[in-house]
Structure formats: structure tokens, C-alpha cells
Amino acid sequence: MQSSQLVAIIKRLEAMIEAQDSEVQVRRFEKDGEQKCTVTYDNATETFELTESSSDQPYQFDNIDIVAMEIYDLIQ
């Protein structure tokens, strides 16, 4: 059985929340070497911003589950 991609996404997002080295954390999410989106987490406001690579459209989220589902949809 293949491991869950959604669990892996959530673990990466949780690492962004837990990081103490800077105020803003950035992660890139790719599929087959092609970047699908960039996610930033602002510790001061406790919000995620997802930017789709294809459209450069940013979306803001304050819920880890919602942003994880959006990332999952983009990389599928």
C-alpha cells in the first residue's frame, strides 16, 4: 500500500508552523519536477498563502486542512 500524500503534505505544513528560525516559512510543492505552487506561512498572523504557479494567483487560508486539500488537488 502506498503512503498517503495528504499526510505528507500536512507534515510539511506542520513543520512550517513549528519552525522558530524566521517569521515567514516558504515551501514549494512539485509534481514530476514541475512546481505546482508555493506556500508561505506567516507566524505573526498564523495564516498560509498558497500561490498557484500556473496563474500566479494567491489564496489565503487560516486552516491547515483546507490548504492541504488545495495543495493535494494541485499536485494530482
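# Notebook: a predicted model, looked up piece by piece

I began with I17, which I found in helix α1. I am working from a predicted model, and I keep that in mind for every entry below. I17 has a relative accessibility of 32% and therefore counts as partly exposed, since that class lies between the 20% limit for buried and the 50% limit for exposed. Leaving aside residues up to four places away in sequence, I listed Y41, N43, F48 and I64 as the residues that I17 touches. I also looked up the pair I17 and T40, which are 23 residues apart in sequence and 10 Å apart in space, taken from C-alpha to C-alpha.

**Entry on the core.** I turned next to the largest nonpolar core, which has 14 residues, and noted that L13, F29, V39 and I71 touch the most other members. I then asked which elements supply this core, and found that α1 (5-18), β2, β3 and α2 each give at least two residues. Helix α2 gives the most, with four residues. For F29 I wrote out the contacts beyond four places in sequence: they are I9, R12, L13, E34, Q35, K36, C37, V39, I71 and I75. This list includes L13, V39 and I71, which I had already noted beside F29 as the core residues touching the most other members. It also includes E34 and K36, and I followed these two in the next entry.

**Entry on charges.** How many salt bridges does the structure hold? I found one, and in this salt bridge the side chains of E34 and K36 meet at 3.7 Å, from N to O. I checked the exposure of both partners: E34 is partly exposed, with a relative accessible area of 47%, and K36 is also partly exposed, at 23% relative accessibility.

I then looked at E52, which lies in strand β3. Is E52 buried or exposed? E52 is buried, yet it has no salt bridge, and the nearest side chain of opposite charge, that of K36, is 9.6 Å away. I note with care that K36 nevertheless appears among the residues that E52 touches, together with C37, Q57, Y59 and L74, when residues up to four places away in sequence are not counted.

**Entry on backbone angles.** I looked up two residues other than glycine that have a positive phi. D32 has a phi of about 55° and lies in the loop between β1 (24-31) and β2 (34-42). With a relative accessible area of 76%, D32 is exposed. D56 has a phi near 60°, and I placed this residue in the loop between β3 (47-52) and β4 (58-61). D56 is likewise exposed, with a relative accessible area of 59%.

**Entry on the surface.** Which residues form a nonpolar patch on the surface? I recorded L6, I66, M69 and Y72, which together have about 310 Å² of accessible area. Helix α2 (residues 64-75) contributes the largest share of this patch, three residues. One of the patch residues that I checked singly is Y72, which lies in helix α2. Y72 has a relative accessibility of 31% and so counts as partly exposed; this value is also over the 30% that a patch residue needs. I close by setting two entries on α2 side by side: the helix gives the most residues to the largest nonpolar core, and the largest share of the surface patch comes from the helix as well.

How values were computed:
Residues are numbered from 1 along each chain as its sequence is written. This is a predicted model: local features need pLDDT of at least 70, side-chain atom pairs count only at pLDDT 80 or more; totals for chains, interfaces and linings use all residues. Side-chain values use heavy atoms; hydrogens and water are left out. Patches are made of residues with over 30% relative accessible area and no salt bridge: like charges are joined within 9 Å, nonpolar side chains (Val, Leu, Ile, Met, Phe, Trp, Tyr) within 5 Å. Accessible areas come from the Shrake-Rupley method with a 1.4 Å probe; for residues, only the protein chains shown count as cover. A salt bridge is a side-chain nitrogen of Lys or Arg within 4 Å of a carboxyl oxygen of Asp or Glu. Buried means under 20% relative accessible area, exposed over 50%, partly exposed in between (1.4 Å probe, protein chains only). A nonpolar core is a set of buried Ala, Val, Leu, Ile, Met, Phe, Trp, Tyr and Cys residues joined through side-chain atoms within 4.5 Å. Contact means heavy atoms within 4.5 Å. Lys and Arg count as positive and Asp and Glu as negative; His and the chain ends are not counted.
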